[in-house]
Amino acid sequence: MEKTDVLILGAGAAGMFCAIEAGRRGRRTLVLDHARAPGEKIRISGGGRCNFTNLGIAPERFLSRNPRFALSALKRFTQWDFIARLDAEGIAWHEKTLGQLFCDGPATQIVDMLVRQMREAGVELRLGVEPGEIRAVPDGFEVATSRGPVRAASVVVATGGKSIPKMGATGYAYRVAESFGLPVVETRPGLVPLTFAAQELERLKELAGLSVPARITADGVCFEEALLFTHRGLSGPAILQASSYWREGMPIAVNLTPGADLSAALRAARDAGPKSAVRTVLARHLPERLARHMESVTGIEGPIGAQSNATLERLSQLLRQWELRPVGTEGYRTAEVTLGGVSTDHLDARTLVARSVPGLHFIGEAVDVTGWLGGYNFQWAWSSGWAAGQAV
Ligand code: FDA
């Protein structure tokens, strides 16, 4: 029977990073993945440029039943540590917006770096292998695989979440956790477009394709970025962010004029040109199509000179508090991440080991730690992979 010190399941961001650390510590390390290529999500991320971390890493930018759980790993291997790794390799990067760091060149530079560093650390990577049941044995674990069983003193489950099944995502990590009696926090798609019911879609279809800056609030949390109207509902960074906080049945509040004193602007426009149509005045603040739509939503139309202060106040209020009611999300098919996962209650924050199963670690997206859009999820993958890599 094949034996190794450390068996890592999943050659994604977290698994490869963990493998490098374990290999550098002299541990005999084997990485298995059922895919044909490692790090596929790194390759396609950030529009092919990989938004690999964020300068503003902070616990409140992660969702988890216990948001402070991630802090230990994030503090021990920080965004600056990852940046230093790229700098040492001469991989150029830039800040795009909101602290988001992207490669200047293709994201494959990061995949290539990780694969090479694994090789240099003596790690063996085997692709096209399907792992099966994991059993505890006296000196570690025995893992069934499509190429025969493997024994290992430590097993690291780094198979990610359920997002994008077309790319090989499975619920394997959750099944492993449950087979060892470890609870899994309910999983759902995150960073995902929201969808409308047919009736709402019919009302909004004239806006499809439009992108506007907006402040979106879901469940009391707000994000100010672009909002995109689609043929199925809503997307754009502000919506993807809000989707992680949104639940079925909840409305979302859209502020179409964040940061502007629209009420004062409407009164000034009335004084300057009372004959202008409300829609014409709105079109100075919103794209024409949206101005027309909001005119019909609010029912406030005609010349602006005919509108009282109270009506203009009501109009600006409606534009700041436009309530929309999505009915669902586009699901795992397009979700960037999976919310929920292996409960942090039973994991050690320092080593990511299951406290009741010494030697069994869970890292990366498989764990109930999900970051905002903007490089937070890769930083969690690097940090949790690094932390487990010191312990296996
Ligand atoms: P990841 O999913 O990367 O790796 C899991 C590995 O396990 C895969 O190689 C998979 O093949 C393998 N696997 C799964 N099931 C298996 C099984 N049963 N048997 C064997 N192997 C199995 N984040 C960010 O911070 N910045 C960004 O720019 C983006 N962009 C982005 C774009 C898109 C389109 C998506 C879908 C996601 C992002 N993300 C992102 C999120 C980011 O990709 C994600 O959080 C990390 O890849 C998670 O890393 P993991 O290593 O945990 O899982």
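Q: What makes the pair formed by the backbone oxygen of Trp372 and the side chain of Asn377 a polar contact?
A: The backbone oxygen of Trp372 and a polar side-chain atom of Asn377 are 3.5 Å apart. A polar contact is a pair of N or O atoms within 3.5 Å (within protein, one must be able to donate a hydrogen and the other to accept it, and residues adjacent in sequence count only if both atoms are side-chain atoms), and therefore the pair qualifies. The model is predicted, so that local features need pLDDT of at least 70 and side-chain atom pairs count only at pLDDT 80 or more, while totals for chains, interfaces and linings use all residues. Residues are numbered from 1 along each chain as its sequence is written, and side-chain values use heavy atoms, with hydrogens and water left out.

Q: Where is Asn377 placed, and which residues does Asn377 touch?
A: Asn377 belongs to helix α13, a helix being a DSSP run of H or I with at least four residues, and a strand a run of E with at least two, numbered from the N terminus. Leaving aside residues up to four places away in sequence, Asn377 touches Leu191, Val337, Thr370, Gly371 and Trp372, where contact means heavy atoms within 4.5 Å. A polar backbone atom of Asn377 is also 3.4 Å from an oxygen atom of the ligand.

Q: How do you know that Glu365 has a polar contact with the ligand?
A: A backbone N or O atom of Glu365 is 2.8 Å from a ligand oxygen atom, and the pair therefore meets the definition of a polar contact. The side chain of Glu365 has a polar atom 2.9 Å from the backbone nitrogen of Thr338. Glu365 is placed in the loop between β20 (360–362) and β21 (370–371). Among the residues that Glu365 touches are Lys41, Tyr174 and Trp380.

Q: Which residues come nearest to the ligand, and how is the shell composed by class?
A: Asp33, Asn51, Thr170, Glu365 and Phe378 come nearest, out of 30 residues around the ligand; a residue is near when one of its heavy atoms lies within 4 Å. For Thr170, a polar side-chain atom is 2.7 Å from a ligand nitrogen atom. The shell holds twelve nonpolar, 13 polar and five charged residues, with Asp, Glu, Lys and Arg counted as charged, Ala, Val, Leu, Ile, Met, Phe, Trp, Tyr, Cys and Pro as nonpolar, and the others, Gly among them, as polar.

Q: What is the area buried between domain 1 and domain 2?
A: About 890 Å² is buried between domain 1 and domain 2, with 51% from carbon and sulfur atoms. Buried area is the accessible area (1.4 Å probe) that two parts lose on being put together, summed over both. Arg188, Trp372 and Leu373 supply 54% of the area that domain 1 buries against domain 2, more than any other three residues.
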